Protein chains: 2
Amino acid sequence: MAAEPPRTRARRRDPEAARTIRDVAARAGVSTATVSRVVNGNYPVAASTRAAVERAMRDLGYVANAHARALAGSTTRVVGIVVSEIVDPFFAYIARGVQAEALASGRLCLVCSTQGGEAAELRFVDLLLEQRADAVILVGGAVEDKEYFAAVGQRARQLASSGSSLVLCGRPGLEDGVPAYAVEYDNIGGAAAITDHLLSAGHTKILYLGGPTTLSTTTARLRGFHQAFAARKLEHDPRLVRTGAFGRQWGYQQTLKALDDGLDFTAIFAANDIVAAGVYAALRERGLRIPDDVSVVGYDDVPVATELQPALTTVRVPLEELGRAAVRAGIAGQEPSADPFAHQQPMTTLGTVVVVRDSVGPPATG
Amino acid sequence: MAAEPPRTRARRRDPEAARTIRDVAARAGVSTATVSRVVNGNYPVAASTRAAVERAMRDLGYVANAHARALAGSTTRVVGIVVSEIVDPFFAYIARGVQAEALASGRLCLVCSTQGGEAAELRFVDLLLEQRADAVILVGGAVEDKEYFAAVGQRARQLASSGSSLVLCGRPGLEDGVPAYAVEYDNIGGAAAITDHLLSAGHTKILYLGGPTTLSTTTARLRGFHQAFAARKLEHDPRLVRTGAFGRQWGYQQTLKALDDGLDFTAIFAANDIVAAGVYAALRERGLRIPDDVSVVGYDDVPVATELQPALTTVRVPLEELGRAAVRAGIAGQEPSADPFAHQQPMTTLGTVVVVRDSVGPPATG
DNA sequence: CTCCTCGTAGTAAACGGTTGCTATCGTGCT
DNA sequence: AGCACGATAGCAACCGTTTACTACGAGGAG
């Protein structure tokens, strides 16, 4: 009796297991190279051969292994997106744009929700680095912290060196030299515009409410807010700025608190629409009418803005387009069909516009 | 001059390129097997060796390649979820649960949004099959179509044969024998309970509004609706059922239409909270007060329910928990630590409960 | 003083594709 | 007829890890 031979290369496989390209090749009587070529259609294959291979694939229920493909090829056909909270419509709409554009480029979308921790955010980026995602998109405001920026910059470099890219979406870019794209919206401009809307209705005692103090989103919106005052050579009482968080709860409680503190204001600029929802609830509870007693504006123009009564005047941010643009920026240059003349801008800014609804009126007299 | 040697195996690599396990091994003076072992910690390695390897990894900024790992190992550490619309809070909350539970098990989450096409849904499942996702979760109502079920069943079998699994989340299971888990909520019970709530307030002329006719979600809710009538030996006028779609627009228009058609009803059962939002808008436009003139109930208990004025009475669905349970079901048995006594139920059902708010009152007299 | 047995580390064969190069065959040209 | 060439197909190296097996040195038992 012959000694047991070492496991032969073309060993017997579990007949139930997924088929490989070799199974297909064997059944079609061609080499794996040929199968690969008909799958990818990037190399001439005779029509008859192609038909035989396609037949074999169908018969076997062949499904390519994306990991083997990613390993051998150079692209993973996956983009990653990191948001802080997927149920927040602000992020959900951006994610929708990302996933739509990813799909359009034949890619899948890995979504990571950090629940708002910068440490978690970095860990997710590392995981996406392991996944060799074609692009990783960091969405939403950034904490303005030296150390954090350095950490993000380092990831950006690693991404770049593995042929991928980092895209900052809705947050300011990094320092020069760091290989990252930024796709932003005109945060300052929108804030200035809607503040001016309030100003031209006659309000000057405006309470600015919401947003974590350390977030770039907050500082940008506040900057726009102050700019609008400055443009009219008006002063703004610094006591009328209360930052802290986004969130309906927060908006509700702080509005109550502002009222209790006896703050003197005729309008409220809620840092976003969700905070505005809280503001509405608090005002309603205190029997204050909008806009008769207090005017309110929000930011983002997410669906709740039209659900609120009266409908909320707010700033529309092109969220979905922001997501799409981010993907385009991220995968530019990786496409075989990339236009060599389409030079990549390191940063693009989308416009914002104020949408006027029913929550602003003239200041209450007295 | 010597002939150019064939590319040597340990060729000079782009110094910028991502480091591989071989680079680390070389720098630490060990074999790749050893590096792999310190990374995975699943095999004894001397403390000094471990330290050297860890040092090398840090120095080089080594990041493991998830695809190579997936190819050589057996798990991909990725779960896939297919929803019809990621910005819809119903799906967003489920997705949140999925992503949280996936993270807890050390996995990433591939999110696919079909924008409501069953063909797109199947294509996404195929893509997830290519990705060899550890589990794929199909969320939301299913079209009740023979052919479609067959297609899903086939995917389920393919998934199962590659060690993965299909989980149906918020939709009925497949026929016996198809390897798929179902994680549902008590759709019928919730509908019956909230209908009974309306009934006990004195309403019997209830307009049921919304939901695609072919979706399992719709048929289940309608069944509960009718069950509640039957339980009280009451009849329901079939003309008071108008199905068609989910969506605020749809709810708005159909409410207007029902009013114009002179339908006789004192309450509206909106197929979900979003439809209810449309109902509110239409009623408001016609000067009808809630609940004085018309009572309204919804389904799902998503945030808009509390934003609406008056706050909407609705059925709470444990969305996030649904997502978590789906992941647990999907990856059960794949975990090294899997409890051998934890037998897998082919289906689990989560309870629903009606949450009473302010949108239901006694029927208007006259 | 052998022989085992641990405790560690290395070797090399997969995993399932992709792709640069080479080989083959039938034609159109000269 | 001889030859270069275009169209196809195959060979085999390679992508970066994991892991079954083998190898080796030291200490303990007999």
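# Exercises on a two-chain model with DNA

In this predicted model, 100% of the interface residues of chain A are also interface residues in chain B, so the copies meet through the same surface.

## Exercise 1: The two copies

Determine how chain A is related to chain B, and describe the side of chain A that touches chain B.

Solution. Begin with the superposition: a turn of 180°, with a shift of 0.0 Å along the axis, lays chain A on chain B with an RMSD of 0.1 Å. The two copies are therefore related as by a two-fold rotation axis.

Next, consider the contact itself, in which 40 residues of chain A meet 41 residues of chain B. On the chain A side, at least two residues each are supplied by α4, α5 (89–104), β2 (108–113), α6 (118–130), α7 (146–161) and α12 (304–307). Sorted by class, this side of chain A holds 24 nonpolar, 11 polar and 5 charged residues.

## Exercise 2: The overall form of chain A

Establish from the radius of gyration whether chain A is as compact as a globule or more spread out.

Solution. Start with the secondary structure, which in chain A amounts to 13 helices and 12 strands. The globule rule gives 21 Å for 366 residues, whereas the radius of gyration of chain A is 27 Å, well over that value, so chain A is more spread out than a compact globule. As a further description, the box filled by the C-alpha atoms of chain A, taken along the principal axes, is roughly 105 × 40 × 40 Å.

## Exercise 3: The surroundings of the DNA strands

Identify the residues that come closest to DNA strand C and the elements that supply the surface near this strand, then do the corresponding analysis for DNA strand D.

Solution. For DNA strand C, count the surrounding residues, which number 28, the closest being A:Ile21, A:Ala33, A:Ser36, A:Ala72 and B:Ala33. The elements that each supply at least two residues of this surface are α2 (32–40) and α4 (66–72) of chain A, together with α2 (32–40) and α4 (66–72) of chain B. The largest share, 6 residues, comes from α2(A). By class, the surface near DNA strand C has 14 nonpolar, 10 polar and 4 charged residues.

For DNA strand D, there are likewise 28 residues around the strand, of which A:Ala33, B:Ile21, B:Ala33, B:Ser36 and B:Ala72 come nearest. Here too, α2 and α4 of chain A and α2 and α4 of chain B each supply at least two residues of the surface, but the largest share, 6 residues, comes from α2(B). The classes of the surface near DNA strand D are 14 nonpolar, 10 polar and 4 charged residues.

## Exercise 4: The packing of α2 against α3

Classify the arrangement of α2(A) and α3(A) from the angle at which they pack, and list the residues through which they meet; then treat α2(B) and α3(B) in the corresponding way.

Solution. Two packed helices are described by the angle between their axes and the distance between the axes. For α2(A) and α3 (residues 47–60) of chain A, the angle is about 90° and the axes are 10 Å apart. Since angles of 65 to 115 degrees count as roughly perpendicular, α2(A) is roughly perpendicular to α3(A). The residues in contact are A:Thr34, A:Val35 and A:Val38 from α2(A), and A:Thr49, A:Arg50, A:Val53 and A:Glu54 from α3(A). This contact comprises 3 nonpolar, 2 polar and 2 charged residues.

In chain B, the axes of α2(B) and α3 (residues 47–60) cross at roughly 90° and come within 10 Å, which makes α2(B) roughly perpendicular to α3(B). From α2(B), the residues B:Thr34, B:Val35 and B:Val38 meet B:Thr49, B:Arg50, B:Val53 and B:Glu54 of α3(B). The class division of the contact of α2(B) with α3(B) is 3 nonpolar, 2 polar and 2 charged residues.

## Exercise 5: Notable backbone geometry

Locate the cis peptide bond that joins A:Ile290 and A:Pro291, the cis bond from B:Gln309 to B:Pro310, and the residue A:Arg132 with its positive phi.

Solution. In chain A, the bond between A:Ile290 and A:Pro291 has an omega of about 5°, and A:Pro291 belongs to the loop between α11 (273–285) and β9 (295–297). In chain B, omega is near 0° for the bond from B:Gln309 to B:Pro310, and B:Pro310 sits in the loop between α12 (304–307) and β10 (314–316). Finally, A:Arg132, a residue other than glycine, has a phi near 55°, and its place is in the loop between α6 and β3 (135–139) of chain A.

Definitions and conventions:
Residues are numbered from 1 along each chain as its sequence is written. Chains are lettered from A and ligands numbered from 1 in the order in which they are written. This is a predicted model: local features need pLDDT of at least 70, side-chain atom pairs count only at pLDDT 80 or more; totals for chains, interfaces and linings use all residues. A residue is near a molecule or strand if its C-beta atom, placed from the backbone, lies within 6 Å of it. Helices (H or I, at least four residues) and strands (E, at least two) are DSSP runs, numbered from the N terminus. Ala, Val, Leu, Ile, Met, Phe, Trp, Tyr, Cys and Pro count as nonpolar, Asp, Glu, Lys and Arg as charged, and the others, Gly among them, as polar. Axes are lines fitted to C-alpha atoms, for helices over the stretch in contact, and angles run from 0 to 180 degrees between N-to-C directions. Angles under 35 degrees count as roughly parallel, over 145 as roughly antiparallel, 65 to 115 as roughly perpendicular and the rest as oblique. Two residues are in contact if their C-beta atoms, placed from the backbone, lie within 7 Å. Copies are superposed by least squares on the C-alpha atoms of residues with pLDDT of at least 70 in both. The radius of gyration is taken over C-alpha atoms; the globule rule is 2.2 Å times the number of residues to the power 0.38.
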